[in-house]
Amino acid sequence: MSDLSVQIGPLTLANPLMAASGCFGYGVEYAGAVDLSTLGAVVSKGLFLKPREGHPPERIVETPSGMLNAIGLQGIGVHRYIAEKLPELRERRATNVINICGSTLDEYVELARILSDADGVHALELNISCPNIKEGGITFGCSLNGTFDVVSAVRKVTHLPVIPKLTPNVTDVASFARASEEAGADAVSLVNTFLAMAIDVETRRPKLSNVVGGLSGPAIRPIAVRMVYECQRAVKIPVIGMGGIASARDVLEFLIAGATAVQIGTANFVDPFIWSKVLNGIRDYLQRHDVARVADLVGTIDTSSREKQWTSS
Amino acid sequence: MPVDVEARVIRNTRLSSDYNVIALAAPEIAGAVEPGQFVMVKPGRGTDPLLRRPFSVFEVLRREGRVEGLTLLSKRIGAVTGLLFDVVEGDVVSCLGPLGRPFNLVDPPAEAWMVAGGVGLAPFATLAESLVARGTKTTLFYGARSGAELFYLDWFESRGIRLVLSTEDGSRGERGRVTVPLERELRRAGSADLESADIKVFACGPEPMLEAVSQLAAKYGKRSEVSVERVMGCGMGGCYSCVIPVRDAGGGHHYVRSCISGPVFAGADLAWD
Ligand SMILES: Cc1cc2nc3c(=O)[nH]c(=O)nc-3n(C[C@H](O)[C@H](O)[C@H](O)COP(=O)(O)O)c2cc1C
């Protein structure tokens, strides 16, 4: 039996599969379909201090092999999350990574403080990359100083692993991974969605009420793989990769590119039973390639110049 | 708890140039579904189209007393309904369900009035069967663009459902919107010494129609339940895309997910945006 566990800073995950933020509700919605304790981790939907209504519909639209979303971070706020969702998640023995969002640095710090005192929280993912809301978040994620400041401020107030989630909507994502590492992050996760839009040509109206939204799904995977590869080479801390993962093969691609763990978002909408299928596929691969630990695959991409090989027929 | 079934297409019956009924071998879902619940459907395994689409379960198919599968009523409007229009026997369609909250049925002496607009007929075959099984007197107000788009009339009539038809072009039934005969009968039921004035109105169709039906029901003091059809990403409460505004006590409104808080709502609870 291969060892599927991976290490994210001080946190050990049972396997490298995490449910991506905003794509798995608060986790409890899926408890009927998936044994939450069998996931590497459940990342919560993005949480602010206060409840938020989010954007009016239409909030999603499908695009070729992908989707745009502009949910606008509708959410119940951190206090109701702790009171109403965390007890059930604890009971189901989920590993809980909380995705936190703020409009100001102080809000991130306060969220980190509150969650550090809560029972059953295993790590914080700092959402500094949501493309769908004007205030905060992305303004930190698009500036190297902003990223450094928010990560170091949160680092100072929590013992929990701190995982800034990076936006792909920058020129050089690896420099943001470096800024995060210097500020004391335990890992970085990427990618959040790509800012995008779609227009109905008959009505000439944007297909989303928010006009623009974030692109996710298989369409973005090759770009996400490239960005994970770049970040992994730039930092020593673990990289958590995501973007369009829909099969075991896709997970393996990210691991080989340098991701220590991965998150699955959009593909869970299509198939909420994807988790065990992907895990089985990873097990098969490890067996076929005689790899004892999934962690041994991380960053094993072979970029040496290829020898020409052929077999005579 | 929903299950995902790789359902074989038993048959694909075209009703018109846009409408079809797809019979799927998904007995696990068909045996568990309640009227008003839905399934998330994906034809093929590719990534384009990517997401599943929600469909009300139209009929539950039985053969020699056993549940054999279910049908979907589909109108060709987008990529997925286009593919579903063309499926053939033996094709496989992924079918996740049953999902969502069902209708709350009524027992005699209360009556049930179902109001369907176009493809909004879909949840009413299973609802009608459940109502008839309870002995509840049931009427179907059914509106469409033309007589050629009024389907399954014999199916409902043979089960003792009273039909009130309307078409926009007047080619069958009354000309105009389905809410015209509905209001006339609500008014009559309200004023007359009709034996059973306890009527519950069930509606499915375009949202402006649902809003009008809810308001009419309220105006004449009747309960209503409507089944909404919002753009859905997952059907499980995961994505928060299918939200609909619901009234709060304070006079405002807040968004709830129509996949898990609905798709059936009390008409009086919705804020209509
Ligand atoms: C509907 C939807 C909601 C999302 N909400 C959040 C969120 O609240 N916080 C966050 O950090 N990322 C959010 N994301 C981004 C995903 O977590 C993930 O980074 C992105 O979708 C790429 O992965 P995927 O292609 O597997 O979906 C959301 C994505 C989608 C599609």
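How far is an oxygen atom of the ligand from an N or O atom in the side chain of A:Asn192? In the predicted model described here, the distance between an oxygen atom of the ligand and an N or O atom in the side chain of A:Asn192 is 3.5 Å. Further contacts of this kind involve A:Thr266, where a polar atom of the side chain is found 2.6 Å from a ligand oxygen, and A:Ser21, where a polar atom of the backbone is placed 2.7 Å from an oxygen atom of the ligand. On its own the ligand has an accessible area of 610 Å², and 98% of this area is covered by the protein. The position of the ligand is between chains A and B, and the residues that surround the ligand number 23, the closest being A:Ser21, A:Lys165, A:Gly217, A:Gly244 and A:Thr266.

The aromatic side chains were examined next. A pair of aromatic rings is described by two quantities, namely the distance of the centres and the angle of the planes. Over all chains, a search of the whole structure yields 12 aromatic pairs. One of them joins A:Phe24 and A:Tyr30, whose ring centres are 4.5 Å apart and whose planes make an angle of 10°, and this pair is stacked. Both A:Phe24 and A:Tyr30 are buried. In chain B, the rings of B:Tyr19 and B:Phe151 have a centre-to-centre distance of 4.8 Å and an angle of 55° between their planes, so this pair is described as tilted. Because B:Tyr19 belongs to strand 2 (residues 19-25) of chain B, while B:Phe151 is found in the loop between strand 9 (138-144) and helix 4 (153-158) of chain B, the pair ties together parts that are 132 residues apart in sequence. B:Tyr19 and B:Phe151 are both buried.

Chain B also holds an aromatic cluster, which is formed by B:Phe58, B:Tyr152, B:Trp155 and B:Phe156. One member of this cluster, B:Trp155, has the charged end of B:Arg159 over its ring, at 3.7 Å from the ring centre. A charge over a ring is likewise found in chain A, where the charged end of A:Arg52 is placed over the ring of A:Phe48, at 4.5 Å from the centre.

Turning to charged pairs, the search of the whole structure gives 27 salt bridges over all chains. One salt bridge is made by the side chains of A:Arg293 and A:Asp3, with an N to O distance of 3.8 Å. This pair connects distant parts of the chain, since A:Arg293 lies in the segment after helix 9 (274-288) of chain A and A:Asp3 in the segment before strand 1 (6-8) of chain A, and the two residues are 290 residues apart. A:Arg293, with a relative accessible area of 38%, is partly exposed, and A:Asp3, at 30% relative accessibility, is also counted as partly exposed. A:Asp3 and A:Arg293 are further linked with A:Asp296 in a network of salt bridges.

Another salt bridge, between the side chains of B:Arg257 and A:Glu29, has an N to O distance of 2.8 Å. Here the pair crosses between chains, from B:Arg257 in strand 15 (residues 253-257) of chain B to A:Glu29 in the loop between strand 3 (17-19) and strand 4 (41-43) of chain A. Since buried means under 20% relative accessible area, B:Arg257 is buried at 13%, and A:Glu29 counts as buried at 16%.

Within chain B, a salt bridge joins B:Arg223 to B:Asp198, and the closest N and O atoms of this pair are 3.1 Å apart. B:Arg223 is part of strand 13 (residues 223-227) of chain B, whereas B:Asp198 is in the loop between helix 5 (179-191) and strand 12 (199-204) of chain B, so the pair ties together parts that are 25 residues apart in sequence. Both ends are partly exposed, with relative accessibility at 40% for B:Arg223 and at 42% for B:Asp198.

A polar contact within chain A completes the description. A:Thr147 is located in helix 4 (residues 144-157) of chain A, and its relative accessible area of 0% means that A:Thr147 is buried. A polar atom in the side chain of A:Thr147 is positioned 2.9 Å from the backbone oxygen of A:Phe140.

Definitions and conventions
Residues are numbered from 1 along each chain as its sequence is written. Chains are lettered from A and ligands numbered from 1 in the order in which they are written. This is a predicted model: local features need pLDDT of at least 70, side-chain atom pairs count only at pLDDT 80 or more; totals for chains, interfaces and linings use all residues. Side-chain values use heavy atoms; hydrogens and water are left out. Rings of Phe, Tyr and Trp (its six-membered ring) pair if their centres lie within 6.5 Å; planes under 30 degrees apart count as stacked, over 60 as edge-to-face and the rest as tilted. Buried means under 20% relative accessible area, exposed over 50%, partly exposed in between (1.4 Å probe, protein chains only). Helices (H or I, at least four residues) and strands (E, at least two) are DSSP runs, numbered from the N terminus. A charge sits over a ring if NZ of Lys or CZ of Arg is within 6 Å of the ring centre and within 35 degrees of the ring normal. A residue is near a molecule or strand if one of its heavy atoms lies within 4 Å of it. A polar contact is a pair of N or O atoms within 3.5 Å; within protein, one must be able to donate a hydrogen and the other to accept it, and residues adjacent in sequence count only if both atoms are side-chain atoms. Accessible areas come from the Shrake-Rupley method with a 1.4 Å probe; for residues, only the protein chains shown count as cover. A salt bridge is a side-chain nitrogen of Lys or Arg within 4 Å of a carboxyl oxygen of Asp or Glu.
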